[in-house]
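Colleague: I have a structure to read and would like to go through it step by step. Could you show me how to approach each feature?

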Amino acid sequence: MATENKAKPSTVTNKGKKRKQYLPHNKAVKKKGAYPLRPGVQGFFITCDGGRERQAAHEALDVIDSFFEELVNGKDFREEPAVLPNKPLNKKITFSYSDDEGDDDDDKGDGEGEEEGQEEVIKSNASKEIDASQENLTNKDLDHPNSDDVCHGKVTEENSDNQKDGANIENQADNLEEPPAKKQCLETDTSKSATNEKEKSIDKLIEAELNELGDKSKRLFFNLDSGCNGVVFVQMRKRDGVPSPKDIVQHMMTSAASTRKHMSRFILRVLPVEVACYSSEEEITRAMKPLIEQYFPVETQNPRKFAVLYEARANSGIDRMKIINSVAKSVPAPHKVDLSNPDMTIVVEIVKTICLIGVVEKYKELAKYNLRQLTSPKQ
């Protein structure tokens, strides 16, 4: 009885407040959303308006994917259909009745009248022939009243011949109209079969693309959670024979500067990231070695001028000048530092405890890789 009278444990206290709910021991917490930013990835560092990270991430995936397909396939998927010059845009067009419409209707009526007139002529000719044959028969009957057998035999033969002639004339008129209809039927059948094959092939391509998008392991671009306000990071999987993030961003900026076509509403700046490591001086110098060997070789006849761009977010425990000096010292001797007019710019972006490093060209000439400034109209 004592056990039955015991009150059941509840999560509500006497004051009406709910107690904290704890997960069972040794069970992982299921986190919703994108995975956090981590070392060892490559992709795109994107800045956007504060509070618009989700919208900017969706736009960035679409824009990057379109420019990637341009580089791989050599086609411009963002081109809009050409507008005819005779049809002006943003102008109100009013239609009024005119005499031309009546003329067109008269022309149509004349064409139909001609066809009907031809059919009537054919029928009238046939009827005239039949009437003439009947008149001949009646005259013969009057001339030869006693020859009934002969006359009736001739009449029946001539009537049958005249009926055959009239039937042949009508069949000829019908045959003149039949061939176009048959041709049209054949053309429609062939066109329908061709369109059905095209629709089937398009459906198969769409299904294959949807299956590829549904499988996360096959995605080339996907979003990572940066953990900072106004920052989006899009990771790109490392594959052989695929353009690097630097090539994609360079193509994006040059095309934006040449066309000045609006591409995005929320994206501000897009920078390529080829190396990601922890934000310590030793890790940065170690991770930069393959980049320096690729873009700043020791044995070269054309030394390059370079500059270092440093920016930190949500991390105030790192000395700025130490990182800049360590990056500049890691570049070999033939190449020189030039802050006013550099050929290459080494970008160092620190987000919390992660350091993102990339190399860009024409940083100042391309409006510091700011899409909004590149696509805005010149004033």
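Modeller: We will take confidence, then sheets, then helix packing, then charged pairs.

Colleague: What is the mean pLDDT of the protein chain, and what share of residues reach 70 or more?

Modeller: Where pLDDT is low, the predicted coordinates should not be read in detail. This is a predicted model. The protein chain has a mean pLDDT of 75, with 57% of its residues at 70 or more.

Colleague: Which stretches call for caution, and how many contacts do they have?

Modeller: Over residues 77-85 the pLDDT stays under 50, and the model shows 11 contacts for them beyond four places in sequence. Residues 181-186 also have pLDDT below 50, and this stretch has 0 contacts beyond near neighbours in sequence.

Colleague: Now the sheets. In what order do the 4 strands of the open sheet lie?

Modeller: In a regular strand the side chains alternate between the two faces of the sheet. Here the order across the open sheet is β2-β3-β1-β4, with antiparallel pairing. The strands at its edges are β2 (221-224) and β4 (267-273), each paired on one side only. From one strand to the next, the twist averages 25°.

Colleague: How many bridges join the strands that pair with β3?

Modeller: β1 (residues 43-48) pairs with β3 (residues 231-236) in the antiparallel sense over 5 bridges. One residue pair to locate is T47 and its bridge partner in β3, V231. On β2, 4 bridges lead to β3, again antiparallel, and F222 has Q235 as its bridge partner in β3. The hairpin of β2 and β3 has 6 residues between the strands, and G227 there takes a positive phi near 80°.

Colleague: How do I describe a pair of helices, and at what angle do α2 and α5 cross?

Modeller: Two packed helices are described by the angle between their axes and the distance between the axes. The axes of α2 (residues 53-73) and α5 (residues 245-259) come within 9 Å and cross at roughly 95°. The two helices are therefore roughly perpendicular.

Colleague: Which residues meet there?

Modeller: From α2 they are V63, I64, F67, F68, E70 and L71; from α5 they are D247, I248, H251, M252 and S255. Sorted by class, this contact has 7 nonpolar, 2 polar and 2 charged residues.

Colleague: Which strands does α5 touch?

Modeller: α5 packs on the sheet and touches β1, β2, β3 and β4, its direction making about 145° with that of β4.

Colleague: What is the strand order in the open sheet of 5 strands?

Modeller: That sheet has the order β5-β9-β8-β6-β7, and its pairing is mixed. Its edge strands are β5 (275-278) and β7 (336-337). β5 and β9 are joined in the antiparallel sense by 4 bridges, and C277 has C355 in β9 as its bridge partner. Helix α8 (residues 320-329) lies across β6 (305-313) and β8 (344-351), at about 150° to β6.

Colleague: Last, the charged pairs. How many salt bridges are there?

Modeller: Side chains of opposite charge can pair when their charged atoms come close. The count is 6 salt bridges. In the one between E361 and K246, the closest N and O atoms are 3.4 Å apart. This pair links distant parts of the chain, with E361 in strand β9 (residues 354-361) and K246 in helix α5, 115 residues apart.

Definitions and conventions:
Residues numbered from 1 in each chain as written. Heavy atoms only, no water. Axes fitted to C-alpha atoms, helices over the stretch in contact; angles between N-to-C directions. Parallel < 35°, antiparallel > 145°, perpendicular 65-115°, else oblique. Contact = heavy atoms within 4.5 Å. Nonpolar A, V, L, I, M, F, W, Y, C, P; charged D, E, K, R; others polar. Pairing = 2+ DSSP bridges. pLDDT = per-residue confidence, 0-100. Salt bridge = Lys/Arg side-chain N within 4 Å of Asp/Glu carboxyl O.
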